[in-house]
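Work through the exercises below with the sequence and the structure at hand. Try each task before reading its solution.

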Amino acid sequence: MKLTSLLTGATLALGLAAGGAWADKTKVGFVYVGPVGDGGWTYEHDKGRLAVEAEFGDKVETVFVESVAEGPDAERVMTQMALGGAKLIFTTSFGYMDPTINVAKKFPNVKFEHATGYKTADNVSVYSARFYQGCAIQGHIAGSMTKSNIIGYIGSFPIPEVIRGINSAYIHAKKVNPDVRFKIVWAYTWFDPAKEADAAKVLIEQGADVILQHTDSTAPLAAASEAGNVIGFGQASDMSEYADGPRVSAIIDNWGPYYVERTRAVMDGTWASVNTWNGIGEGMVGIGEITDRVPADVKAEALAMKDAIAAGDYHPFTGPLNKQDGSVWLKDGETADDGTLAGMGFYVEGIEGDIPN
Amino acid sequence: MIVLEKRPQPSRAWSLATPLVAVLATMVFGGLLFAVLGKNPVEAIRIIFYDPLFGEFAFYYRPQLLVKGAPLVLIAIGLSLGFKAGIWNIGAEGQYIIGAITGAGVGLAFYPLEAWYIFPLMVIGGALGGWAWAMIPALLKVRFGTNEILVSLMLVYVAEQLLASMSLGLLKNPDGFGFPGSRNLNDYASANSWISQDAGMHWGVVAAMIAVIFSYILLNRHMLGFHIRLTGEAPRAAKFAGVNPGRLILFCLGASGALAGLAGLFEVAGPTGQISIDFNVGYGFTAIIVAFLGRLHPVGILLAGALMALTYIGGEIAQSQMGLPAAAIQVFQGMLLFFLLAFDILTNYRVRLNTRKVA
């Protein structure tokens, strides 16, 4: 017998045997790439899990496994959750994409939600947040506040999501400060406090007085705090513990409402495969409290931009914009389409250096 | 008063018993740790050690033990040869990565051609890649007397950078929308190491078994194996016996590199499926623990690999079923090595209750 039919048979049998006990309890699984205590990416996903528990109380049971390596380990953890009776599984890292699709094939009755990927199936949805909207606001604040005109950027991996953030931040920093320069360091990790701290220190030594990060720990903020006259932003989470120090604002991922909505859909039997890409307007991306360290006029401009983006009046990628090689990307007034943004593999004009490959 | 007294001969009985005692001690103290965390210790130990083998879903977990254990055993067998001779290859993780890159590279070069000879060529490519990467510390040691521990370890980080570069550049999937990572070899029949995915069988499992047998024969029945053991146990005697230390270094590092490279190739062509930035998950380092846990003996390594795989898989189940933090599972695995080394002292020393009064 094929494993597929074996597994389906086993889950069926289980469902029947334990039907009484489980009938009114929906099991929801979460697979995390980092520890729940990372203070950033995984921490926010876990807050989403807790939101599901708070919303449905006794009607749900949530389970999670943290620090799961991308690859065969992830596949095993997902299979194990599905065997354990989970009806809905959130896989919260880009690298879980192929494992999610593989496991979903074996469990047609279990729904899967994969964060930041692009492969869907009848029982696999993808969802992501428009972080680049937050990066635009960060760029505006960063460009207005830098004195050395050097902004340091800690990238995780050179994938479209991160490149989008760099471009968005750069465009808006340049708009308010034509002399601004970006220095970009690739950490090749989502979560490694030691590496992130090193990257921040290198950037500060090279004269950066603003640090932007697309990695998940608070280590860059700690490094900025140590250096003194350097500001930074919370990434993925508010990181408000640094609000008295270097943190002037934050991009916050707010997964709770989405997780609650999708869990409800599974309970109601209305779940369908979707491709969700929400931003500030829908509440999936939040902007953390802008502190008093930011001049009042800059703060007002930043908040105005946030409102305009939320209302759909302003798109962070609005022409005229050229690519790094000088060729025209967007004509005057033209806005970028989601397809181009989703696969973005180029810098905009003015950013120095090459995307590593 | 308790004193330690050196044994005239290392105790053979204790040498065999310490791994078992270490496992028992780990269960007891790990259980205490889980109890302190507010979890039922008996249930946790049962989930970790019993459920994957005999629990409700054992039909799924047993094959997974092969998938998780095979690369550990394959790499550890290679490492044990060098460790026996006092040649310390700490960089198996790097050789594993390079083997995966070269092996997958060979396969992807043929894409989309389907032919029987592609997989054998990939196997050769993977072994050669790992071998060549291990030759760097080997040749530097033979020629300039550099320290192979440092050189092989440092080359892991070089290999990781190379892996990132390959995932983003040369081997990137042209149909991958600009995302990093190669094509998935599971979708390419000729470049696939699976024999039966349902049974957890891929050619890496077969290779691990063959490596165990060959290593046993080599160490027990072959002159080269005798030289390896002799060099480790009595370097001066080895010199008189005509052992050429340079050749031995080249052989031990080369063999362990080739086996690590093979493990990488089988992994990328099967369970993982693709070259990606996060391809390596630490098998090369965990294999060092496996090698010592198995007393550097081929059969011991086989058992130790199975045990490590069990704690990984059982640990994951315990996490999701009981909400145990990942760190507690890692501490639990660390305890295993700690207790092994601690109880190891009983192999060379005996505990005496000293009733004599000191004059």
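**Exercise 1.** Find what share of the contacts in chain B with a separation of 6 or more joins residues 24 or more positions apart.

*Solution.* Start with the term: two residues are in contact if their C-beta atoms, placed from the backbone, lie within 7 Å. Of the contacts in chain B with a separation of 6 or more, 79% are between residues 24 or more positions apart. The model is predicted: local features need pLDDT of at least 70 and side-chain atom pairs count only at pLDDT 80 or more, while totals for chains, interfaces and linings use all residues. Residues are numbered from 1 along each chain as its sequence is written, and chains are lettered from A and ligands numbered from 1 in the order in which they are written.

**Exercise 2.** Compare the radius of gyration of chain B with that of a compact globule.

*Solution.* The radius is taken over C-alpha atoms, and the globule rule is 2.2 Å times the number of residues to the power 0.38. For 359 residues the rule gives a value near 21 Å; chain B has 22 Å, which agrees. Along the principal axes, the C-alpha atoms of chain B fill a box of roughly 85 × 60 × 35 Å.

**Exercise 3.** Check the span of helix H4 (residues 92–110) of chain B, then decide whether H4(B) is largely enclosed or not.

*Solution.* Helices (H or I, at least four residues) and strands (E, at least two) are DSSP runs, numbered from the N terminus. Chain B has 14 helices and four strands. The expected span of a helix is 1.5 Å times one less than its number of residues. With 19 residues, H4(B) should span 27 Å, and its end C-alpha atoms are 27 Å apart, which agrees. Next, a residue is buried if 20 or more other C-beta atoms lie within 10 Å of its own, exposed if 12 or fewer, and partly exposed in between, with C-beta atoms placed from the backbone. In H4(B), 16 of the 19 residues are buried, so the helix is largely enclosed by the rest of the structure. For chain B, buried residues make up 50% of the 359 residues.

**Exercise 4.** Describe the side of chain A that touches chain B.

*Solution.* The contact takes 34 residues from chain A and 28 residues from chain B. Helix H1 (3–17), strand S2 (60–65) and helix H4 (72–83) of chain A each supply at least two residues of this side. H4(A) gives the largest share, eight residues. By type, the side of chain A divides into 18 nonpolar, ten polar and six charged residues. Here Ala, Val, Leu, Ile, Met, Phe, Trp, Tyr, Cys and Pro count as nonpolar, Asp, Glu, Lys and Arg as charged, and the others, Gly among them, as polar.
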